[in-house]
Amino acid sequence: MDLSFNIQGGDFTSAGTASSQVRRTLKELGVDASVIKRVVVALYEAEVNIVAHAYKGEIVAQISPERVFLKLTDEGPGIPDIEKAMTPGYSTASQEVREMGFGAGMGLPNICKNADVFNLHSVPNKGTTVEITIQIS
Amino acid sequence: MTIHEIVSLVQGKILSGKIGKEEGVEYCFASDLMSDVLTVCRSDFMLITGLSNVQSIRTAEMSDLKYVLLVRGKTPPQEMVDLAEDSGIVLIVSPFSMFKASGILYGAGLKGVF
């Protein structure tokens with residue numbers, strides 16, 4: 001099953017809508033609760049990253065009986081220093097993002113922690129692609 | 001501790017969700033930083049937060065939590081209450097500060113998640 005969502009940068013009211021729909025779908029499919037939590041926590045962090053940092057983006061979720069594959073592609077400033085961005089506590093989030101409860105510098109490390117496979121590719125001034133795979137069985 | 005006891009201890013008010021008479025929690029986590037909440041692996045705790053917007057409810061939803069205690073006397077926006085209702089999350093408001101609410105609940109027997 002494939003689900004796809006368009007994400008608008010800066011739209012904090014809708015941030016999490018895609019993650020919520022993926023969560024609902026996984027629940028309906030009877031996926032184990034601990035797996036669902038890992039998927040949606042990773043996805044929600046990545047979705048918030050698009051809203052917080054990019055101009056716009058797209059999320060594609062491919063769900064099979066064996067695994068969930070998530071691909072998030074955005075158009076935005078990109079990440080100039082990925083190693084730094086992966087450091088827990090490091091954040092470039094704006095004051096507005098922090099007021100929404102994010103920007104603690106835990107997003108990317110938390111995605112990495114929950115994913116079985118995590119790939120991050122970024123081109124400065126162009127955009128970022130995040131791929132997350134989580135095994136179901 | 002039952003939710004009704006918690007509500008009474010923090011002089012709170014339930015704004016959304018349905019709770020059984022004996023329904024309760026054993027653990028709490030207090031934070032205004034949602035990414036920190038999302039690092040907690042377990043799901044059997046109540047979130048105490050001062051973050052009065054939809055993202056605290058979204059975070060509770062993704063973390064598979066059922067109870068959110070909003071502190072510092074904040075009046076949540078209607079969209080936050082509506083989202084909590086839709087998500088089956090019990091939203092409680094308290095006039096106390098996060099420190100005071102946490103201290104009272106800890107003293108009454110609720111435990112920290114770590």
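Okay, quick vocabulary first: when I say helix or strand, I mean a DSSP run, H or I with at least four residues for helices and E with at least two for strands, numbered from the N terminus. By that naming, B:Ile48 sits in strand E3 of chain B, and we'll come back to that residue.

Before that, some housekeeping. This is a predicted model, where local features need pLDDT of at least 70 and side-chain atom pairs count only at pLDDT 80 or more, while totals for chains, interfaces and linings use all residues. Residues are numbered from 1 along each chain as its sequence is written, and chains are lettered from A and ligands numbered from 1 in the order in which they are written.

Let's start with the sheet in chain A. How are its strands ordered? It's an open sheet of five strands, E1-E2-E3-E5-E4, with antiparallel pairing; two strands pair if DSSP finds at least two bridges between them. E1 and E4 of chain A are the edge strands with a single partner each, so each has one side without a neighbour in the sheet. On average, neighbouring strands here are turned by 10 degrees against each other, if you ignore direction.

Zoom in on the pairs. E1(A), residues 2–8, and E2(A), residues 56–63, are held by seven bridges, in the antiparallel sense, and A:Leu3 faces A:Ala61 across that pair. Then E2(A) and E3(A), residues 67–75, share eight bridges, also antiparallel. A hairpin with three residues takes you from E2(A) to E3(A). Across that pair, A:Gln62 is opposite A:Phe69, and A:Glu58 is opposite A:Thr73.

While you're looking at strands, remember that in a regular strand the side chains alternate between the two faces of the sheet.

Now, what lies across this sheet? H2(A) lies across E1, E2, E3 and E5 of chain A, at about 175 degrees to E5(A). For angles, axes are lines fitted to C-alpha atoms, for helices over the stretch in contact, and the angle runs from 0 to 180 degrees between N-to-C directions.

H2(A), residues 33–53, also has a helix partner: its axis comes within 9 Å of the axis of H5(A), residues 107–114, and the two cross at roughly 150 degrees. These helices are therefore roughly antiparallel, a label for angles over 145 degrees, with under 35 being roughly parallel, 65 to 115 roughly perpendicular and the rest oblique. Among the residues that meet there are A:Val41 and A:Ala42 from H2(A), and A:Asn110 and A:Ile111 from H5(A). By "meet" I mean contact: C-beta atoms, placed from the backbone, within 7 Å.

So where do the chains touch? 20 residues of chain A are in contact with 18 of chain B. On chain A's side, H1 (17–28), H2 and H5 each supply at least two residues. H2(A) gives the most, with six.

Over to chain B, and back to B:Ile48. Is B:Ile48 buried or exposed? Buried, because 24 other C-beta atoms lie within 10 Å; the cut-offs are 20 or more for buried, 12 or fewer for exposed, and partly exposed in between, with C-beta atoms placed from the backbone. Beyond its neighbours within four places in sequence, B:Ile48 has contacts including B:Cys28, B:Leu69 and B:Met98.

B:Ile48's strand, E3(B), residues 45–49, runs parallel to E2(B), residues 27–30, with four bridges between them. B:Phe29 has B:Leu47 as its bridge partner there. E2(B) is also joined to E6(B), residues 111–112, by two bridges, again parallel, and B:Cys28 stands opposite B:Gly112.

Next, helix H4 of chain B, residues 78–87. Which of its residues are buried? B:Met80, B:Leu83 and B:Ala84. Those three fall within an arc of 100 degrees down the axis, so they line one face of the helix; the arc is that of the directions from the helix axis to the C-beta atoms. They pack against E1, H3, E4 and E5 of chain B. On the other side of H4(B), B:Gln78, B:Glu79 and B:Asp86 are exposed.

Last thing, some backbone oddities. Most residues other than glycine have a negative phi. Yet A:Asn125 has a positive phi near 65 degrees, in the loop between E4 and E5 of chain A. A:Asn125 counts as exposed because 8 C-beta neighbours lie inside 10 Å. B:Gln11, also not a glycine, has a positive phi of about 50 degrees, and this residue is in the loop between H1 and E1 of chain B.

Note on methods:
Two residues are in contact if their C-beta atoms, placed from the backbone, lie within 7 Å.
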